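Hi,

Here is the model I promised to pass along. Have a look, and my notes are underneath.

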Amino acid sequence: MKKDRQNYYFIVVNKTGGLQFFSQLKEQYRDEQDKITTNQVLQASSIFYAIDHLTQTIIPEAIQKVEQEKDKDFERDNAIDLLITENYMVSTLVTLTGLRFLVISNKNLEVPKKHEDNIQKMRQIYRLYTDYFSKDPFQSDDQPLGEKKRAQFDRDVRELLDF
């Protein structure tokens, strides 16, 4: 018997706001209307990119100066990292190269713990992503991922996010 997955979707948005990768993590939905289409994913990813990009321009200079002096990990400190709606939670990780990783999950009572778990998993996925795609001399940053590597990457993402 399969357990009910708490993570529904995983999305990678490239540095120019284009959808680079999408994985539907949950196979069974209560209603067909709970399932989102590729067009809806394109819309959501471009809206998220625009909102995240706008937040970069409205941050006061004093905060920007402090953040520039901090020792960076591999994500920006001033990026949107968590969105919570009535039913869903969106955990995000933004890399220094501009990639945005999003996990859309079921909102539960343990939001901080679930969000931290998602961030740790997305860091592992980022390492996988660099192994699969950044080291490939035939892969351009903004082009869609190749089909063969995409299938293997999708399997690895599903395995990591199914916890």
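Below is what I found, starting with a helix and then moving to two buried residues.

First, the ground rules: this is a predicted model, so local features need pLDDT of at least 70 and side-chain atom pairs count only at pLDDT 80 or more, while totals for chains, interfaces and linings use all residues. Residues are numbered from 1 along each chain as its sequence is written, and side-chain values use heavy atoms, with hydrogens and water left out.

Helices (H or I, at least four residues) and strands (E, at least two) are DSSP runs, numbered from the N terminus. Helix α3 covers residues 111-134, 24 in total, and spans 32 Å from first C-alpha to last, close to the 34 Å expected (1.5 Å times one less than its number of residues). Its buried residues (under 20% relative accessible area, 1.4 Å probe, protein chains only) include Lys114, Asn118, Met122 and Tyr129. Among the elements covering the buried residues of α3 are β1, β5 and α4.

Over in strand β5 sits serine 105, which is buried at 0% relative accessibility. Its contacts (heavy atoms within 4.5 Å), leaving aside neighbours within four places in sequence, include Tyr8, Met89, Lys114 and Asn118. The serine 105 side chain also makes a polar contact with the asparagine 118 side chain, at 3.2 Å (a pair of N or O atoms within 3.5 Å, one able to donate a hydrogen and the other to accept it).

Aspartate 52, in helix α1, is buried too, with a relative accessible area of 0%. Its C-alpha is 9.6 Å from that of arginine 100, 48 residues away along the chain.

Cheers

Notes
Buried < 20%, exposed > 50% of the residue type's maximum accessible area, 1.4 Å probe, protein only.
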